[in-house]
Every structure is written in C-alpha cells, then in structure tokens.
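Trainee: Please take me closely through one part of this structure, and stay with how its elements pack and which side chains are involved.

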Amino acid sequence: MSSSERDIRVTELIQQGEALAGTNNLEEAMKKFDEAEKIDPENIRVYISKAILCMVQKDYEGAEKQISRGLILDENNGVLYFHRGNIHFYQQKFDEAKLDFERAINLGHETKLACFQLATLYNYLKDYENALFYYNKTLQKDPFYERALLKKIEVLLRLARNNEAYVAANDFIDKKPEFFEGYHYKFISLMSLGNMEEAKLVLDRAIERFPNDLGFKYDLMMYYDTVGDFQSALLVVETYFESDPVRFRRVKADKARLLYKMRDFERAEAAAVEVLNIEFSSEMAYYVMLSRLAAADFANAVKYAQLIKENKDSTDKEPYYAAYYYEALAYMKAGDTERATPAFEEAQRVLRMATIENPGRMNLYIYRALCYKAVNDNERALEMADYVINLTKGEFKEAYYIRGMVYQDMGENEKAQADFAIVTNSGSPLQNFVM
C-alpha cells in the first residue's frame, strides 16, 4: 500500500469510526480506530479519536493511555495536551488540567475551545480574574460564541463589575437577540447597579418578547422582593409556580422567605414545613423555629434550633449561629432558667469564636449583644452594640435597637428613645433578631 493510499484509508476509517460513534455504536467505532492504528501506528489522530471515544464511555484511564501513546510520537503536540486537559478536568485533577491547557495554548493550540476550557476551569476554581481573561481570549477567536459571552457576563457579575456586565449583556443582545439570556443578565446587571426603574423596563420588554419563559416570571418575583413589594412578589409565586410544587421546590422556599419578611409567621411556617418534608433546609428550619417562638411554642422552637445545630455540615452559617441564641431564648421564655443559663453561656462562647473567625459579620455581634442582655450583663451588651455602630458608621440599625433596649433595662429612657428614633427614622426594616 502506497503512503498516499495508506493516508486515505486511515482517514476513511477514522471518519467511519467517528460516524459510528455519533450513532452511539461505540464498539464498532473502536474497531474502525483499531484497524486504522494497525495500518498507521504513527498517526496521532487515531489516538486522539480513541481517547475521545474512551472519554464518552467515562473510561478516563483508557483515554489518558491513548493520549500518552500519542505524546510518545510527538511530545510538543498541543492538541494532545488539550485533550489530556479535558481528561484531567473530568477526573477532577484540576492542577494537572490547568497545566495541560496552558501547555496546549503555549504550543500553538490557542483555539476557541482551548481558551474556553481553560476559562471554564479557572471559573470552577473561583479564580475569576483569570477566567475573565480567557473568556475574552475565546471571544477574540469567535466574537459570537454565545457560551463564552454568557460566561463572561456571569463572571463580571461575580466580580461585582456591574457596569461591564451591563455593557456585555447589551453586546450579547445585539449579537444574539433570539436568546433570552441576554435580557436576563441585562436585568440582573441593572438590579446590581441599583437602577430599578430601567431594570423593570427591561424585564417588561423581555416578558413581552418571551411570554412563556418562566425564568422571567422568577426575575419579576426577584424584582418585587428587592424593592420591598413582598405582596406582589408573593402573587407572582402563587400565580406561576404553585401549580407544580415538586418542580418548583425552590420557589416554595422563596414563598416561605417572602412570608417571613411580611412577618406572616404562620403561613411562612406552613410553606417551610412543605420544603422540610422533602429535604432538610436550614433556612426553612430557621423560619419554623421563629414561628414557634412567636406562637410561644417553646418546646418546638428548641426542637428546630437543635435540628439546625445537629445538621451543621448542611446548614448555612446564619441559621446555625442564630440557633444557639434562639434555643437559649426559648428556654428563658419558657421559664426554664436551669437550661437557659448554660445555653446562653454556650451561645456566647460559640458566637465569640465565630466573630474571631469572621470579624466582618456584624450580625454575630448582635447575637452576642442579645446574649449578654439576656443574662443582664448590660456593660458587655453595650460594648457589642457600640462596636457595631462605630464600625458600620451607624448603618447597621439593629445595633441601635439593641442598645436602646439595654438602655431601657438600665432605666436610661432618654438614651433609649433616642436610639429607637434613629431606627424609626431610617425606614429600614429590622432583621428579626428579637421576638
């Protein structure tokens, strides 16, 4: 067989193998690649094709073996490193994958997909600056590549570069007006910029253009939630999402959250329990705990506080730390001082360590202040409240409210009323730290 005939035959076998793989006839596809390898064992494309076929079958060790055989023939082949990078990525060997992608690009395989994969890896590792760099490199290769355009916007939003995200969203709409995502990200960027009026106009146009897209209905709920129109947000949930509570389980949690913000604890609890009946959620357990406290059902308030603490590994930090305070508070309100005193001491210890580890979390200092107030340690309670007020320059209104209550307990009513007035005049709703 002449060299030209050999090359034609190998190319034909590879094409046939790829066609068979495309119809999921993987066994026959591998036979074609094996036959091609027998004819020309130095054809690197054969090993790449076999590696890709192994990856389709999740045989990553087999895939890497094929790439290694190719590298024996040409250790400076960027295409081989690119495919090995993909193999390592799927194996979650991220350091190796990064080196492979970088080497592929440095060896001249600076393709759209190589740049995109490296950007995706950096994005996965939360190295957003490098992710953005390589998404931009991808778009230099193909300015209309919608996946890179969208990922770039997502990264810009994560970096809080909201003006750039807004520009990128407009660019996406110009290039891909038939895709709904551009309008969604334009809305999100405007919300992040605090431009609520224009955000609502964009959303209204998007709903008109894509009337059957429930994603925009969810955006509408987010909009009403953000501007504090909780009743309208709730109406959106009930109109569009309640008909399928299994499919829209996340929205059931949103309903509980909205009802909690409306201080409708009974209905918030009912919605939260529906979610908890399916899976544990620290946030939902938190709402039930608060509802039970409001109903003076202290035994069940303790039960849910302990449930949150027991599920520490799957609990968000806010409910977890709150549970320590509210469990102690429930004991105190039930008149069980024998349990309340050590519970407050434990809460103080846990919260103190938490503030050392997370000094920027002002809500933890609020819980500490409440614990000190509960055990009549007014000096320490004032210390916590003053610290928050001074550090946030008065922006954390809960601290004024707590300080006002402490002053009230101390009989310093003039100071107490001054602090309460600051809270009232701010117009900002307070988090429900105190029942």
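Mentor: A crossing of two helices is called left-handed if the near helix is turned anticlockwise from the far one by less than a right angle, and right-handed if it is turned clockwise. In this predicted model, the crossing of H18 and H19 is left-handed. H18 covers residues 298-310 and H19 covers residues 317-333. Their axes are 8 Å apart, and the helices pack at an angle of about 155°. Angles over 145 degrees count as roughly antiparallel, and H18 is therefore roughly antiparallel to H19.

The contact itself can be listed from each side. H18 contributes Phe298, Ala301, Val302, Ala305, Gln306, Ile308 and Lys309. From H19 come Pro319, Tyr320, Ala323, Tyr324, Glu327, Ala330, Tyr331 and Lys333. By residue class, this contact has 11 nonpolar residues, one polar and three charged. The polar residue is Gln306, and the charged ones are Lys309, Glu327 and Lys333.

Two of the tyrosines in this contact, Tyr320 and Tyr324, deserve a second look. Both lie in helix H19, four residues apart, which is about one turn of the helix. Both are also buried. The structure holds 29 aromatic pairs. For Tyr320 and Tyr324, the ring centres are 5.3 Å apart and the planes stand at 80°, so this pair is edge-to-face. The cut-off behind that label is a plane angle over 60 degrees. Tyr320 and Tyr324 thus appear both in the list of residues that meet H18 and as an aromatic pair within H19.

Other aromatic residues form a cluster of their own. Its members are Tyr260, Phe265, Tyr286, Tyr287, Tyr325, Tyr326, Phe344 and Tyr367. Tyr325 and Tyr326 have numbers within the range of H19, residues 317-333.

For a buried residue in another helix, take Ala165, found in helix H10, residues 162-175. Ala165 has a relative accessible area of 0% and is therefore buried. Leaving out residues up to four places away in sequence, Ala165 touches Ile153, Leu156, Leu157 and Ser189. A loop residue can be set beside it: Asp40 sits between helix H2 (26-39) and helix H3 (44-56). Asp40 counts as buried because its relative accessibility is 10%, and the cut-off is under 20%. With the same sequence neighbours left out, Asp40 touches Arg6, Asp7 and Val10.

Key:
Residues are numbered from 1 along each chain as its sequence is written. This is a predicted model: local features need pLDDT of at least 70, side-chain atom pairs count only at pLDDT 80 or more; totals for chains, interfaces and linings use all residues. Side-chain values use heavy atoms; hydrogens and water are left out. Axes are lines fitted to C-alpha atoms, for helices over the stretch in contact, and angles run from 0 to 180 degrees between N-to-C directions. Angles under 35 degrees count as roughly parallel, over 145 as roughly antiparallel, 65 to 115 as roughly perpendicular and the rest as oblique. Contact means heavy atoms within 4.5 Å. Rings of Phe, Tyr and Trp (its six-membered ring) pair if their centres lie within 6.5 Å; planes under 30 degrees apart count as stacked, over 60 as edge-to-face and the rest as tilted. Buried means under 20% relative accessible area, exposed over 50%, partly exposed in between (1.4 Å probe, protein chains only).
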